[in-house]
Each structure stands twice: as C-alpha cells, then as structure tokens.
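Please open the model in your viewer and keep the sequence panel visible, as the stops below are given by residue number. The tour goes from selection to selection, with a short account of what each one shows.

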Amino acid sequence: MEDTVAVDAKRILLRYGTPISILDKISEEERIGLARTIARTTLPEREQRLRELLTEAGHLEVAS
C-alpha cells in the first residue's frame with residue numbers, strides 16, 4: 001500500500017507542475033507530505049501553493 005501512496009503523491013506533484021528534475025531530488029516522505037498538503041488546497045490555488053511550498057523548502061528558486 002505504501003508504494004501506491006508514493007506513486008499517487010508523485011502523480012499529484014507532477015500534475016500540478018513540479019519539474020521532474022526537482023521531483024527526483026525530493027525524498028519519498030517529503031513527496032507524500034507535499035501531495036497531502038496540495039490535496040487539501042482548493043483546486044484553483046494548487047499550482048501556486050505547490051510553487052510556494054517548493055520554494056520554501058529550497059527546491060525552487062524565487063523568480064526575480
């Protein structure tokens with residue numbers, strides 16, 4: 001079952017814009033946590049919220 005959760009988390013993160021190159025650097029545990037947070041976010045806000053979370057965690061650089 002844990003594998004299914006990890007695969008679903010990866011799909012969610014990819015669906016809402018996480019680049020594969022960044023996703024490969026994120027641990028499975030962190031992916032699941034991010035996906036759970038995004039799943040609780042309203043649909044129109046998911047992409048923006050994911051970018052914010054990835055930036056806060058140091059996975060994305062802030063665009064100037």
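**Along helix α4**

In this predicted model, begin by selecting Arg51, which has a relative accessible area of 40% and is therefore partly exposed. Add Glu47 to the selection: the two side chains form a salt bridge, with an N to O distance of 3.6 Å. Arg51 and Glu47 are 4 residues apart in helix α4, so about one helical turn separates them. Glu47, at 42% relative accessibility, is likewise classed as partly exposed.

Next, select Arg49, whose relative accessible area of 28% makes this residue partly exposed, together with Glu52, which is partly exposed at 33%. Their closest N and O atoms are 3.3 Å apart in a salt bridge, and both residues belong to helix α4, 3 residues from each other, or about one turn. Then extend the selection to Glu56, which is exposed at 61% relative accessibility and whose side chain meets that of Arg49 in a salt bridge of 3.9 Å, N to O. Through shared partners, Arg49, Glu52 and Glu56 are joined into one network. Over the whole structure, a search finds 4 salt bridges.

**A buried arginine and its loop neighbour**

Move to Arg46, also in helix α4. What is the nearest side chain of opposite charge to this buried residue? It is that of Glu45, 8.6 Å away, and Arg46 has no salt bridge. Its side chain does, however, reach the backbone oxygen of Ala39 at 3.2 Å. Beyond its neighbours within four places in sequence, Arg46 is in contact with Tyr16, Ile38, Ala39 and Thr41. Select Thr41 from that list: this residue sits in the loop between α3 (28–39) and α4 (46–56) and, with a relative accessible area of 13%, is buried.

**Into the core**

Now select Leu13, Tyr16, Ile22, Leu23, Ile26, Leu34, Ile38, Leu50, Leu53 and Leu54, the 10 residues of the largest nonpolar core. At least two of these residues come from each of α2, α3 and α4, and α4 contributes the most, with 3. Centre the view on Leu54, which, leaving aside neighbours within four places in sequence, is in contact with Thr18, Ile26, Leu34, His59 and Leu60.

**Last stop**

Finish at Pro19, in the loop between α1 (2–15) and α2 (20–23), where a relative accessibility of 31% places this residue among the partly exposed. Its C-alpha atom is 9.6 Å from that of Leu60, although 41 residues separate the two along the chain.

Technical notes:
Residues are numbered from 1 along each chain as its sequence is written. This is a predicted model: local features need pLDDT of at least 70, side-chain atom pairs count only at pLDDT 80 or more; totals for chains, interfaces and linings use all residues. Side-chain values use heavy atoms; hydrogens and water are left out. Helices (H or I, at least four residues) and strands (E, at least two) are DSSP runs, numbered from the N terminus. Buried means under 20% relative accessible area, exposed over 50%, partly exposed in between (1.4 Å probe, protein chains only). Lys and Arg count as positive and Asp and Glu as negative; His and the chain ends are not counted. A polar contact is a pair of N or O atoms within 3.5 Å; within protein, one must be able to donate a hydrogen and the other to accept it, and residues adjacent in sequence count only if both atoms are side-chain atoms. Contact means heavy atoms within 4.5 Å. A nonpolar core is a set of buried Ala, Val, Leu, Ile, Met, Phe, Trp, Tyr and Cys residues joined through side-chain atoms within 4.5 Å.
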